[in-house]
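Work through the exercises below with the model open. Try each task before reading its solution.

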Amino acid sequence: MNKNYYAVLMAGGVGSRFWPMSTTDNPKQFHDMLGTGDSLIQKTFKRLNKFVPTENILILTNERYNDLVLQQLPLVTQEQVVLEPAMRNTAPCILYAALKIKKMNPNGVMIVAPSDHWIEDEDAFAKDVTTCFEKCENEEVLCTLGIKPSFPNTGFGYIEFDKESKTPIKQVSQFREKPDYETAKEFLAQGNFLWNAGIFMWSVKTIVNAFKIFQPTQYALFESGMSVYNTADESSFIKENYPKAENISIDYAILENSKSIYVLPATFDWNDLGTWGSLYDKLDKDENKNAIVNSKVIAEDAHGNMIRSPKGKIVVVDGLEDYIIIDKEDVLMIYPKSKEQDIKQVVAKVKEKFGDKYA
């Protein structure tokens with residue numbers, strides 16, 4: 001295994017659209033959403049560990065999830081868990097992790113990957129990432145993996161690449177915001193647009209230098225801690241200084257400014273597992289198109305439902321079509337799939353009426 005390869009797993013999100021399974025105290029990345037026996041973070045760790053040495057995988061997460069990470073990833077040491085004392089979006093935590101890696105190994109190349117995505121062909125994923133790593137080792141470039149769109153999705157940002165490019169890794173023309181439906185259809189018709197999956201690769205030298213150029217204040221703040229990174233004094237420095245960082249995404253901070261960004265169209269299937277509906281799409285279905293996780297189901301005149309309960313629980317459904325039915329200890333949700341984007345508002349109402357315990 002290449003000792004210069006590093007991975008940063010982004011595991012700090014709450015995933016409120018997967019309520020009631022995903023809560024602030026125990027978000028979706030720590031759940032076995034697919035019924036495979038592994039939580040999403042465990043699956044992601046194993047996927048990366050096929051080509052990145054165990055000790056070179058860092059977990060970026062919120063302080064409150066430290067114990068969950070260590071419980072679910074027994075191969076990881078406390079030193080590999082990079083804790084954010086405050087929510088400041090993706091740019092500050094990526095710079096922080098990159099500086100830690102740079103101090104360990106100035107020749108490091110790193111992948112930044114969400115901990116809660118679904119990727120089936122893990123060998124194809126490893127091949128795509130190492131292809132980008134090789135480019136990043138030899139050139140001062142920032143790379144990303146783009147997903148070939150299968151339909152005009154309005155829920156993702158898009159990556160527009162150079163149509164004339166004949167090489168496998170294409171130069172990015174621009175990043176595009178989440179489009180409306182008509183614009184998304186135009187993107188697909190043009191043929192040089194990919195979904196932005198939020199998976200990035202670069203050398204630590206290149207990304208740190210990009211922050212130095214495009215985010216000098218942010219760079220100065222975190223660079224001032226170089227002497228204490230990977231030591232016992234790191235925690236107190238971060239507790240004091242991290243909250244001072246600007247709340248900004250890596251897209252706005254770096255990617256929209258740099259002219260040296262390249263994208264490799266991914267050769268693997270991908271799903272961001274952002275909603276119950278996206279999970280439904282990936283699961284096997286019964287003869288009535290019901291997707292079932294853990295439950296023993298009797299379904300009469302029931303079609304297209306997403307059904308999940310504690311393992312082995314008997315669920316009887318009659319006369320429901322295209323519903324999300326989630327039973328979890330003290331919460332039962334029966335909700336139309338067509339309104340799944342409103343689940344965030346439901347969580348807010350539950351919190352207001354019954355308290356934080358359920359949200």
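Three exercises follow, on fold, surface and aromatic rings.

This is a predicted model, where local features need pLDDT of at least 70, side-chain atom pairs count only at pLDDT 80 or more, and totals for chains, interfaces and linings use all residues. Residues are numbered from 1 along each chain as its sequence is written, and side-chain values use heavy atoms, leaving out hydrogens and water.

**Exercise 1. Compare the chain's radius of gyration with the globule rule.**
Step 1: take the radius over C-alpha atoms; the rule is 2.2 Å times the number of residues to the power 0.38.
Step 2: for 359 residues, the rule puts a compact globule near 21 Å.
Step 3: the chain has 21 Å, so the two agree.
Step 4: check the box along the principal axes, roughly 60 × 50 × 40 Å for the C-alpha atoms.

**Exercise 2. Find what share of the chain is buried, and what its surface exposes.**
Step 1: call a residue buried under 20% relative accessible area (1.4 Å probe, protein chains only).
Step 2: 55% of the 359 residues pass.
Step 3: the exposed area is about 16,500 Å². Carbon and sulfur atoms supply 47% of that area.

**Exercise 3. Which residues do ring pairs link into a cluster, and which lysine lies over tyrosine 280?**
Step 1: pair rings of Phe, Tyr and Trp (its six-membered ring) with centres within 6.5 Å.
Step 2: the structure holds 17 such pairs. Tyr96, Phe222, Tyr229, Phe237 and Tyr242 form a cluster.
Step 3: look for charges over rings (NZ of Lys or CZ of Arg within 6 Å of the ring centre and within 35 degrees of the ring normal).
Step 4: lysine 337 lies over the face of tyrosine 280, 3.3 Å from the ring centre. Lysine 135 has its charged end over tyrosine 262, at 4.4 Å from the ring centre.

Notes: Rings of Phe, Tyr and Trp (its six-membered ring) pair if their centres lie within 6.5 Å; planes under 30 degrees apart count as stacked, over 60 as edge-to-face and the rest as tilted. Buried means under 20% relative accessible area, exposed over 50%, partly exposed in between (1.4 Å probe, protein chains only). Accessible areas come from the Shrake-Rupley method with a 1.4 Å probe; for residues, only the protein chains shown count as cover.
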